[in-house]
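Q: Please take a close look at one strand and its partners. Then carry on to other parts of the chain, in short steps that a first-year student can follow.

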Amino acid sequence: MTMSSLKFGTSGLRGLVTELPDEVCKAYTVAFLRHMQKVKGVASGSTLLVGYDLRSSSPRMTAACISAAQSFGMQVENCGPLPTPALAFRALTLKAPAIMITGSHIPADRNGLKFYRPDGEIDKIDEAGILAALDLKAEEQTGSDGQVVIVPDALQNYIKRSVSLLKPEVLARKRIGVYQHSSVAGDLIVTVLQSLGAETVALGHSTIFVPVDTEALRPEDVTFAEDACRKYKLDALVSTDGDADRPLVADENGIFIRGDSLGLLTAHFLDADAVVTPVTSNTAIELSGLFTKVYRTRVGSPYVIEGMEQADRDGFKRIVGFEANGGVLLGSSLTMPGGTLDALPTRDAMLPILSVLGMAAGRSVPVSALLRDLPARFTRSGRLEHVPSTVSDPFLQGLCDSTRRDAFFAELGTIKENDAIDGVRVVLSTGEVIHYRASGNAPELRCYAEASNDSRAEELLHWGLKSAQETLNTPS
């Protein structure tokens, strides 16, 4: 069976829907359960949690996973359509393994399986274990049709957790737009905001899956937010990607806040003493001086989770992780005005949405004002496509040599510091940043630029892409 697009990434197994027929979904479900038996002692007859997003292929894939789990001897709790962090929270609470059927923000012709151990997200070692246990040639066992009554507990518990973040009625007299599109959290966000006193305006609901990527917004999403805020006189517009683990927050003018800025504001609102974030997040995090310790990691939630675990070993008590896409991971249980907020070390969209809205309401300022006290840092990113690892690796290795690195960046000035946490990242004497890294899931070389103003960041990105392209085209 050909499976050219199926591969594990930082958000689970993904590929074309045509390469995820029932027999493949079942095979991966059984492989995951075999691995859980081996490394976590998950017993036959115990419970597997299953949830899914709203893309058209997800119910069929869910039924296949449920059928395979039942044939394997597992009890299955069908959590229905719900946010990925809601399923993860239920899995942690019950100490049960879970499978989320979702492709997150990728187009509808693709989908995926995201696996959770009883104690959280799987890691790279687990991925290897699942692949080692995979048998795509096994004869299919006779099982049920995978139709199991939906149990609403996971969704209800997640709503309670979200509401516990803020004081009751803290959002009273706030008019919040909810861009629902095909997000699995479209109705949930409305419920949570209304329970906190907000007036909500539900907008843009779609029965056709919309691939909203919080790191690469479509022009129509940008225009939609600006028009909606003006037309409905909104205090903010909020949304998520398809499975609601990445947030979108636009201020009263319809201007979207960058994901890493959302993460910074959330960590500040939660009074974090330690922050963990990939090297692609902007340096306002350090420059703000708000946190005792900032840990920088490679790109991907597994690395952020590793960093949070290190922060815990280092003795920090209020640990917050986030990615440049805005998804926030909570490494510590915190006492908040609305109650206890349990730790949830997986990407969550509701936490940053509510933190930013709650911060603005608590200060009696518009959402746009929250960025005024932060260091002015502007970032841009781009990519060179069709650059395989056989080309990008030598380029990045060359920049690890100090002499070649200094020569490459000489036009921009002197280098103050550099690191190779994920690719090669340099900080110039001006404080400006250029960062190159190879994509983890495509033959691409990515470039990130950061400066103190928008136009300069754009100039640096243009320089970075042009310089890399010229070097790649020059024989070594």
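A: Two strands pair if DSSP finds at least two bridges between them. Keep that in mind, and remember that this model is predicted.

Start with strand β22, residues 433-438. Strand β22 is mostly covered, with 5 of its 6 residues buried. Strand β21, residues 424-428, pairs with β22 in the antiparallel sense. That pairing runs over 4 bridges. In one of them, V426 has I434 of β22 as its bridge partner. Between β21 and β22 lie 4 residues, and the two strands form a hairpin. In this hairpin, G431 takes a positive phi near 90°.

Now look at the next partner. Strand β23, residues 444-451, pairs with β22 in the antiparallel sense over 6 bridges. Here R437 is matched with R446 of β23.

Another set of strands gives a second example. It is an open sheet of 4 strands, in the order β9-β8-β10-β11. The pairing in this sheet is mixed. Its edge strands are β9 (199-203) and β11 (247-250), and each of these pairs on one side only. From one strand to the next, the twist averages 20°. Inside the order, β8 (residues 175-179) pairs with β10 (residues 236-240). Their sense is parallel, over 3 bridges. G177 has L237 of β10 as its bridge partner.

Follow the chain to the loop between β8 and α6 (186-195), where H181 is found. The phi of H181 is near 30°, which is positive. Most residues other than glycine have a negative phi. H181 counts as buried because its relative accessibility is 1%, and buried means under 20%.

K95 makes a useful second case. Its phi is near 55°, again a positive value in a residue other than glycine. K95 sits in the loop between α3 and β5 (98-101). K95 has a relative accessible area of 66%, so it is exposed.

Next, the helices. Two packed helices are described by the angle between their axes and the distance between the axes. Take α3 (residues 84-94) and α5 (residues 153-163): their axes come within 9 Å and cross at roughly 100°. The angle therefore makes α3 roughly perpendicular to α5. On the α3 side, the contact involves P85, A86, F89 and R90. These meet D153, A154, N157, Y158 and R161 in α5. The residues of this contact divide into 5 nonpolar, 1 polar and 3 charged.

Helix α1, residues 22-40, allows a check on length. It has 19 residues, so at 1.5 Å a residue it should span 27 Å. Its end C-alpha atoms are 26 Å apart, which agrees. The buried residues of α1 include V24, C25, A27, Y28, V30 and F32. K26 and H35 are among them too. Just after α1, G41 takes a positive phi of about 65°.

Finish with one residue in helix α4 (residues 124-133), namely E127. E127 has a relative accessibility of 10%, so it counts as buried. Leaving aside residues up to four places away in sequence, E127 touches F8, G9 and I122.

Note on methods: Residues numbered from 1 in each chain as written. Predicted model: local features only at pLDDT ≥ 70, side-chain atom pairs only at ≥ 80, totals over all residues. Heavy atoms only, no water. Buried < 20%, exposed > 50% of the residue type's maximum accessible area, 1.4 Å probe, protein only. Contact = heavy atoms within 4.5 Å. Axes fitted to C-alpha atoms, helices over the stretch in contact; angles between N-to-C directions. Parallel < 35°, antiparallel > 145°, perpendicular 65-115°, else oblique. Nonpolar A, V, L, I, M, F, W, Y, C, P; charged D, E, K, R; others polar. Expected span 1.5 Å × (residues − 1).
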